[in-house]
Amino acid sequence: MKRWIERSKAVVTRHLAVALIAVVAVGSIATFNFSKSATAAVAAPAAAALDDNSVGALLTLDRAMETLAARVTPAVVNVTVASKANVQQGGADTEGMPDMQQFFGPGNPFGRQFGRQFNVPSQPQNRMEHGLGSGVIISPDGYIVTNNHVIDGAVDIRVTMSNREVLSAKLVGADPLTDLAVIKVNGTNLPSVPWGNSANLRAGQTVLAFGNPYGFRFTVTRGIISALNRPNPDASDRRKPGEFIQTDAAINPGNSGGALVDARGELIGINTFLISSSGSFSGMGFAIPAQIVQPTVETLIRDGKVTHAYIGIQIADVTPDNAKFFQMNKAEGALISQVEPDAPGAKAGLRTGDVITELDGKPVTDAGQLQMTVGQKRPGETIHLLVMRDSKPTSVAVKLEALGGGRGTETAGGEHGKGRWGLSLGDLTPDVRNELQEQGQERGPGQAQGPVHGAVVEDVQPGSPADNAGLQRGDVIMEVNRHSVKSASEVAQALSGVASGQDALVLVWSNGGSTFRVLHPSQG
């Protein structure tokens with residue numbers, strides 16, 4: 001038995017040894033194979049770059065953009081200014097910042113300014129304030145275009161060229177209404193950018209924006225034209241022209257006054273502001289079109305100032321909503337919502353409710369176009385308007401006058417219970433009428449018009465037709481469906497007389513000016 005156990009142990013030992021050898025052999029083979037794989041991986045060549053034929057279009061685009069940037073950049077300058085400022089204790093107000101943030105220096109006509117750096121004093125004092133912006137050279141002898149708000153109040157202006165040379169600049173002239181300015185440096189054969197034609201622009205075109213955002217000098221960004229003919233966003237002064245170019249090429253603090261160019265390297269706009277809820281670029285930058293910039297700049301160089309002509313009317317677009325009330329087949333033209341007493345338009349016989357369809361034989365497509373065209377005319381010129389009045393064409397000759405001297409310019413702006421329109425109305429008392437008239441006068445030259453009459457809106461029901469049309473407490477309804485009204489009862493009677501399911505057109509006095517609004521009846 002003992003011998004048998006010993007023989008069994010020997011057999012088991014031999015089998016274990018064989019198994020161990022087998023395991024070692026397998027491990028060796030696996031290690032050998034792994035080593036072979038690793039060696040093969042190390043030795044394998046890296047993936048090859050795509051050949052030029054595969055990405056030829058992209059390479060061609062890159063080369064074109066490089067050529068364009070190299071051509072324009074030398075003509076773009078960095079503008080630094082020093083100005084005197086009287087700052088009250090607490091410094092710049094940083095609360096209640098609006099959705100539209102402006103970053104391009106004190107004096108910006110569109111909102112708050114963040115382009116300059118503030119050191120908050122402990123008490124009111126005079127001090128020097130420093131600002132930063134951009135500009136673009138438009139002639140070899142050193143004329144430079146920038147924004148008025150970049151140089152407004154400056155006592156010292158310096159320009160940094162793309163080669164880092166710093167030059168002293170003098171102010172040639174500025175125009176606050178268009179927010180444009182011209183400065184000049186001494187030089188010859190300076191690089192410059194040619195003018196482009198912004199009238200031929202189309203949404204989707206490639207554009208490049210040049211400037212000095214956040215102090216990072218000579219930056220170029222690429223994008224497209226997002227939209228054209230954007231209106232003036234400054235509700236505090238509707239005299240300012242609109243027709244802005246909207247782009248998604250990044251525009252940030254410090255870009256103001258810089259160049260917006262097309263694919264040919266032509267100057268089609270001057271970067272001026274952005275709209276953002278965060279305080280930085282959000283895809284919505286805006287530029288003044290060359291159609292406004294070039295004639296303004298030429299006048300500033302020639303005369304040192306710009307005197308704008310005006311008619312003395314408040315205008316708005318003809319829309320698909322309101323066209324039927326004015327017997328217009330197309331939603332085109334400039335609708336007169338207000339005529340300033342004793343202004344050129346009033347003297348020529350223009351009326352509220354007229355639709356201007358032509359100016360000197362050329363079509364008027366919208367209010368912004370008319371405003372821009374008239375603004376480029378000279379005071380004393382006579383323009384010939386074609387007006388649709390009660391569905392009949394009427395020719396009106398208007399002799400333009402100079403904007404200023406207390407005058408304005410074209411600005412592109414029972415039912416006693418809530419009932420079906422969602423309105424509560426009250427009569428205008430003499431005190432209320434005087435107060436409304438004073439509000440109009442406080443809004444500046446040209447904002448106060450004729451006597452206010454009609455019914456005051458005392459309450460608006462949320463979600464009602466009046467609410468949807470934008471009516472608010474304190475507004476005054478002066479007309480209903482093109483008929484003047486003098487009291488709350490007349491407004492109520494006129495609105496109640498509108499057939500069921502039909503729209504109503506009201507002329508509303510609000511915030512110192514009047515506009516037409518369309519009330520759509522509630523459905524169901």
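1. The loop between β18 (382–389) and β19 (392–399) is where D390 is found, and in this predicted model the residue has a positive phi of about 55° although it is not a glycine. Most residues other than glycine have a negative phi. At 49% relative accessibility D390 counts as partly exposed, because exposed is taken to mean over 50% and buried under 20%.

2. Y214 invites a similar remark, since it has a positive phi of about 55° and is not a glycine. This residue lies in the loop between β7 and β8, and its relative accessibility of 48% makes it count as partly exposed.

3. The strand that precedes this loop in the numbering deserves a look of its own. Strand β7 covers residues 206–211 and is mostly covered, with five of its six residues buried. With strand β8 (residues 219–230), β7 pairs in the antiparallel sense over six bridges, and within that pairing A209 has T221 in β8 as its bridge partner. Strand β7 is also joined to strand β10 (residues 259–261) by two bridges, and these strands run antiparallel; here L208 stands opposite V261 in β10.

4. A reader who follows the chain around β10 will come to S256, whose place is in the loop between β9 (244–247) and β10. S256 counts as buried, at 1% relative accessibility, and its side chain is joined to that of N147 by a polar contact of 2.5 Å.

5. The aromatic residues merit a separate point, and the count of aromatic pairs comes to three. One of them is formed by F244 and F273, which are edge-to-face, with 5.2 Å from centre to centre and 90° between the planes. Because F244 lies in strand β9 and F273 in strand β11 (residues 267–274), this pair ties together parts that are 29 residues apart in sequence. Both F244 and F273 are buried.

6. F273 has a further ring partner in F286: the centres of the two rings are 4.8 Å apart and their planes are at 5°, so this pair is stacked. F273 lies in strand β11 and F286 in strand β12 (residues 285–289), and the pair therefore ties together parts that are 13 residues apart in sequence. The relative accessibility of F273 is 1%, so this residue counts as buried, while F286 is likewise buried, with a relative accessible area of 4%. Taken together, the ring pairs link F244, F273 and F286 into a cluster.

7. Strand β15 (residues 334–339) is mostly covered, in that six of its six residues are buried. It pairs in the antiparallel sense with strand β14 (residues 313–317) over five bridges, and D317 stands opposite A334 in β15. The pairing of β15 with strand β16 (residues 355–359) is also antiparallel, and it runs over two bridges. A334 appears in this pairing as well, with I356 as its bridge partner in β16.

8. D366 lies in the loop between β17 (362–363) and α6. At 16% relative accessibility this residue counts as buried, because the cut-off for that class is under 20%. Its C-alpha atom is separated by 8.8 Å from that of A331, although D366 and A331 are 35 residues apart along the chain.

9. The last point concerns the interior space of the model, where the largest cavity holds about 90 Å³. Of the 11 residues that line this cavity, the closest to its centre are L177, P241, H308, Q371 and G375. Helix α6 (residues 367–375) gives the most to the lining, with three residues. By residue class, the lining of the largest cavity divides into four nonpolar, six polar and one charged.

Notes: Residues numbered from 1 in each chain as written. Predicted model: local features only at pLDDT ≥ 70, side-chain atom pairs only at ≥ 80, totals over all residues. Heavy atoms only, no water. 1 Å grid on protein atoms, 1.4 Å probe; cavity = no way out; pocket = protein on both sides within 12 Å on 5 of 7 lines; lining within 4 Å. Points joined across faces, edges and corners; volume = space filled by probe spheres on them. Helix = DSSP H or I, 4+ residues; strand = E, 2+ residues; numbered from the N terminus. Nonpolar A, V, L, I, M, F, W, Y, C, P; charged D, E, K, R; others polar. Buried < 20%, exposed > 50% of the residue type's maximum accessible area, 1.4 Å probe, protein only. Pairing = 2+ DSSP bridges. Polar contact = N/O pair within 3.5 Å; in protein donor to acceptor, adjacent residues only side chain to side chain. Phe/Tyr/Trp six-rings, centres within 6.5 Å; stacked < 30°, edge-to-face > 60°.
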